[in-house]
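Subject: Structure for you to look at

Hello,

Here is the structure I promised to hand over. Please open it beside this email and follow along as you read.

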Amino acid sequence: MKKIKASELELKETVVSISRVTKVVKGGRRFSFSAIVVVGNEKGVVGHGLGKANEVTNAIIKGTDDAKKNLVNIPILKNTVPHQVTGKYGGGFVLIKPAAPGTGVIAGGAMRSVFENAGIKDVLAKSKGSSNPHNVIKATFSGLLKLRDPLAVSKQRGVSLNKIFNG
């Protein structure tokens, strides 16, 4: 798989969640922040990252840098996913289905930002199990990485595209 360079793309970033973390020390409580960020070019390239810092802005910057290091290419067919797929990570379980043109993104909060940044405009998605944004995003990426476009399937099977679509 070819490495994707973030510097060559125009990436849009979305902050999925920011959480305040408390560490109890001898002198009292220490607060820090963690931010989950999703970046994408809305043309099939998307990535996610986690940033932790003592200030919110620094956590978001670190999360964006981490997301740019984890970019992946997603096959998109007519503004939707090529086929139905499931993804699992930890307690998070997601179901992703292709949708008819004009349906829109029907998905929960964390999954919605992944689809919008990837450039998927019509999709039906359901999050089952954990609602933790970490697990939901990683399960969504797990499902999206299983997707294969018809051209890849025809090359792998050694048959024509016509035979794949028409049996």
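Is Asn-41 buried or exposed? Asn-41 is buried, because its relative accessible area is 14% and the cut-off for buried is under 20%. One caution before going on: this is a predicted model.

**Around Asn-41**

Find Asn-41 in the loop between strand 2 (28-40) and strand 3 (45-53). Its side chain has a polar atom 2.9 Å from the backbone nitrogen of Lys-43. Now look further along the chain. Setting aside neighbours within four places in sequence, Asn-41 is in contact with Leu-9, Glu-10, Leu-11 and Asn-117.

The two strands beside this loop form a hairpin, with four residues between the strands. In this hairpin, Glu-42 takes a positive phi near 60°. Here is some background on that angle. Most residues other than glycine have a negative phi.

**The sheet**

How many strands form the open sheet, and in what order? Four strands form it, in the order 1-2-3-4, and the pairing is antiparallel. Strand 1 and strand 4 stand at the edges. Each has a single partner strand, so one side of each is left without a neighbour in the sheet.

Some background on pairing helps here. Strands of a sheet pair through backbone hydrogen bonds, either parallel or antiparallel.

Go through the pairs one at a time. Strand 2 and strand 3 are antiparallel, with eight bridges. Ile-36 stands opposite Leu-50 in strand 3. Gly-40 has Val-46 as its bridge partner in strand 3. Strand 3 also pairs with strand 4 (residues 72-73), again in the antiparallel sense, over two bridges. There, Val-46 has Val-72 of strand 4 as its bridge partner. Strand 3 is mostly covered, with seven of its nine residues buried.

**Helix 1**

Helix 1 covers residues 56-69, which is 14 residues. From its first C-alpha to its last it reaches 20 Å, close to the 20 Å expected at 1.5 Å a residue.

Which residues of helix 1 are buried? They are Ala-59, Ile-60, Gly-63, Thr-64 and Ala-67. Look down the helix axis: these buried residues fall within an arc of 135°, so they line one face of the helix. A general point fits here. An α-helix has 3.6 residues a turn, so residues three or four places apart point the same way.

What covers that buried set includes strand 1 (12-25), strand 2 and strand 3. Ile-61 and Lys-69, on the other side of helix 1, are exposed.

**The cores**

In soluble globular proteins, nonpolar side chains tend to be buried together. In this model, the largest nonpolar core has 25 residues. Those with the most contacts inside it are Val-46, Ile-96, Phe-115, Ile-120 and Leu-144. At least two residues of this core come from each of strand 2, strand 6 (92-98), helix 2 (109-118), strand 8 (123-129) and helix 3 (133-146). Another core lies apart from it. That one has ten residues, among them Val-37, Ala-59, Ala-67 and Leu-71.

Take Ile-96 as a case from the largest core. Ile-96 sits in strand 6. It is buried, with a relative accessible area of 0%. Leaving aside neighbours within four places in sequence, its contacts include Val-81, Phe-115, Val-123, Ala-125 and Leu-144. Compare Ser-19: Ile-96 and Ser-19 are 77 residues apart in sequence and 27 Å apart in space, C-alpha to C-alpha.

Helix 2 is mostly covered too: seven of its ten residues are buried. The buried residues include Ala-110, Met-111, Val-114, Phe-115 and Asn-117. Gly-119 follows helix 2 and has a positive phi, near 95°.

**Two residues in a loop**

Last stop: the loop between strand 4 and strand 5 (85-89), where you will find Lys-78. Asn-79 lies in the loop between strand 4 and strand 5 as well. What is the phi of Lys-78? It is near 55°, a positive value in a residue other than glycine. Asn-79 has a positive phi too, of about 65°, although it is not a glycine.

How covered are they? Lys-78 is exposed, with a relative accessible area of 75%. Asn-79 is partly exposed, at 37%.

Best wishes

Key:
Residues numbered from 1 in each chain as written. Predicted model: local features only at pLDDT ≥ 70, side-chain atom pairs only at ≥ 80, totals over all residues. Heavy atoms only, no water. Buried < 20%, exposed > 50% of the residue type's maximum accessible area, 1.4 Å probe, protein only. Polar contact = N/O pair within 3.5 Å; in protein donor to acceptor, adjacent residues only side chain to side chain. Contact = heavy atoms within 4.5 Å. Pairing = 2+ DSSP bridges. Core = buried A, V, L, I, M, F, W, Y, C linked by side-chain atoms within 4.5 Å. Expected span 1.5 Å × (residues − 1). Arc of directions from axis to C-beta.
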